[in-house]
Amino acid sequence: MAATEATKAADEAYDVIVLGAGPTGENLADRAHAAGLSAVVVESELVGGECSYWACMPSKALLRPVTARSEARRVPGLKDAADVALDAPAVLAHRDAFTSYWKDDGQVRWLDSLGIDLVRGQGRLAGPRRVVVDGGRVLTARHAVAVCTGSRAVLPGIPGLAEALPWTSRDATSAKSVPGRLVVVGGGVVGVEMATAWRALGASVTLLVRGDGLLPRMEPFAGHLVAESLAEAGVFLRTGVEVREVRREAPGGPVTVLLDSGDEIVADELLIATGRAPRTEDIGLDTVGLAPGSWLDVDDSCRVTGVTGGWLYGVGDVNHRALLTHQGKYQARIAGAAIAARARGVPILESDRWGAHAATADTLAVPQVVFSDPEAASVGLTAAAAEKAGYRTRVVDQDLAAVAGASLYADGYRGRARMVVDLDREVLLGATFVGAGVGELLHSATVAVAGEVPIERLWHAVPSYPTISEVWLRLLEAYRG
């Protein structure tokens, strides 16, 4: 039996059953299989999941030409050549190629090469360690069932919204043409990235935000710098507003957005980017004493709490710990190791906060890059979060433009860096960078935070000159005085 379609049997047994073939499910099945356990993956859509077809890959394929042009415009010798409109059809075709044209043949071949079975269809729990696929085929797990079904976009209860058939994140990353006028609701990552992409591709974009700024989970200066850049690009940004009602007279026709201020905005498309919900509403949670549609509460090994026997795991978005592809893959590595250890009767190292069976980075060292223009990148705790958690901290800020590598990177470089230091232990709790190219700067900060590297040792980590990474030296100099 291989990934192409296992032969039907009345009751098929595996060591591990994985619901969901996104990056999280794929990685968990891989880790379990590498540890000598048999694994099967059940998937109702495309193998590769949200990230491959509707999120990470298509969105970054749309955004890379935007940032490349923006950076080229600020480099002597390229300014005039780069001052042209993007070739929208070429960008969309580039996006299509990175989604493999919404076909999963390559991902299926990868599963097949590992010897991991694939069952296509909707898998639902049917009591302890049992999964029924599309109401017929029955799979049983000797050791674990892992729910890796991810999350979906949520539409708020705004009158007329559902009937207007707005875009969600999936529509925004897979649209076949550029809308003339686009209204984006939401100032988080999806809202910011899609406003950036579609404005650069030629759409007139209005970005509506209920709060007072963008990227509220990051340091305030990140949202401020990105908002400045969006405004310069021609995005109409309105903060402190709420959508009261939406009207669309005919499918495909203009959509009218009514605000609580009384203003009306007419657009060709409306993107709602205001939240996510777990895809757990139709997977049989009620058969094991859990509420359908709920987030799954898990311990640090990603085992679902409150389920007798400890056989159920919730990994990735479904546990609401950190809704990011790379964190889901990280959790899959942790959970896969824990499942294998428990199967072999090996002691679990959950008590070791940075051990093989504890997903500690979910709370202390989550990295994230927003691929806006400029990029915003952060890891660990913000200054406000660290203070709220009770740490005694010192915050150090630096102007990224003052670093020689940044001035070489682009004329008029604008950016900022911050590190948050735990004064009691003298280690980094968090770091944030905003500026062109800072996404590739983030992993050094992630290593410092996750490794709890002492400040005095970081002093000996010499950054190459002249690179943007030299901002580390400037931050440490400012800290040391």
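# Briefing: local backbone features and a helix pair

W102 sits in the loop that joins α5 (88-98) to α6 (105-114). The model described here is predicted. The points below concern two residues with a positive phi, two cis peptide bonds, the contact of α3 with α8, and the surroundings of A322.

**Positive phi angles**

- W102 is not a glycine, yet its phi is positive, at about 60°.
- The relative accessibility of W102 is 18%, and because buried means under 20%, W102 counts as buried.
- C302 also has a positive phi, of about 75°, although C302 is not a glycine.
- This cysteine, C302, is placed in the loop between β15 (276-278) and β16 (312-314).
- With a relative accessible area of 0%, C302 is buried.

**Cis peptide bonds**

- The bond that leads from D373 to P374 is cis, and its omega is near 10°.
- P374 belongs to the loop between β17 (367-370) and β18 (375-380).
- A cis peptide bond also links Y465 to P466, with omega near -5°.
- P466 is located in the loop between α15 (455-458) and α16 (471-480).

**The pair α3 and α8**

- Helix α3 covers residues 56-72 and helix α8 covers residues 189-200.
- The axes of α3 and α8 come within 9 Å of each other, and they cross at roughly 60°.
- An angle from 65 to 115 degrees would count as roughly perpendicular and one under 35 degrees as roughly parallel; α3 and α8 are therefore oblique to each other.
- The crossing of α3 with α8 is left-handed.
- On the α3 side, the contact is made by S59, K60, L62, L63, V66 and R69. On the α8 side, their counterparts are E193, M194, T196, A197, W198 and A200.
- By type, the residues of the contact between α3 and α8 comprise seven nonpolar, two polar and three charged.

**The surroundings of A322**

- A322 is part of the loop between β16 and α10 (325-344).
- The relative accessibility of A322 is 7%, so A322 counts as buried.
- Leaving aside residues up to four places away in sequence, A322 touches D317, Q327, Q331, D362 and V366.
- One of these contacts, V366, is 44 residues from A322 in sequence. In space, A322 and V366 are 7.5 Å apart, C-alpha to C-alpha.

Note on methods:
Residues are numbered from 1 along each chain as its sequence is written. This is a predicted model: local features need pLDDT of at least 70, side-chain atom pairs count only at pLDDT 80 or more; totals for chains, interfaces and linings use all residues. Side-chain values use heavy atoms; hydrogens and water are left out. Helices (H or I, at least four residues) and strands (E, at least two) are DSSP runs, numbered from the N terminus. Buried means under 20% relative accessible area, exposed over 50%, partly exposed in between (1.4 Å probe, protein chains only). Axes are lines fitted to C-alpha atoms, for helices over the stretch in contact, and angles run from 0 to 180 degrees between N-to-C directions. Angles under 35 degrees count as roughly parallel, over 145 as roughly antiparallel, 65 to 115 as roughly perpendicular and the rest as oblique. A crossing is left-handed if the near helix is turned anticlockwise from the far one by less than a right angle, and right-handed if clockwise. Contact means heavy atoms within 4.5 Å. Ala, Val, Leu, Ile, Met, Phe, Trp, Tyr, Cys and Pro count as nonpolar, Asp, Glu, Lys and Arg as charged, and the others, Gly among them, as polar.
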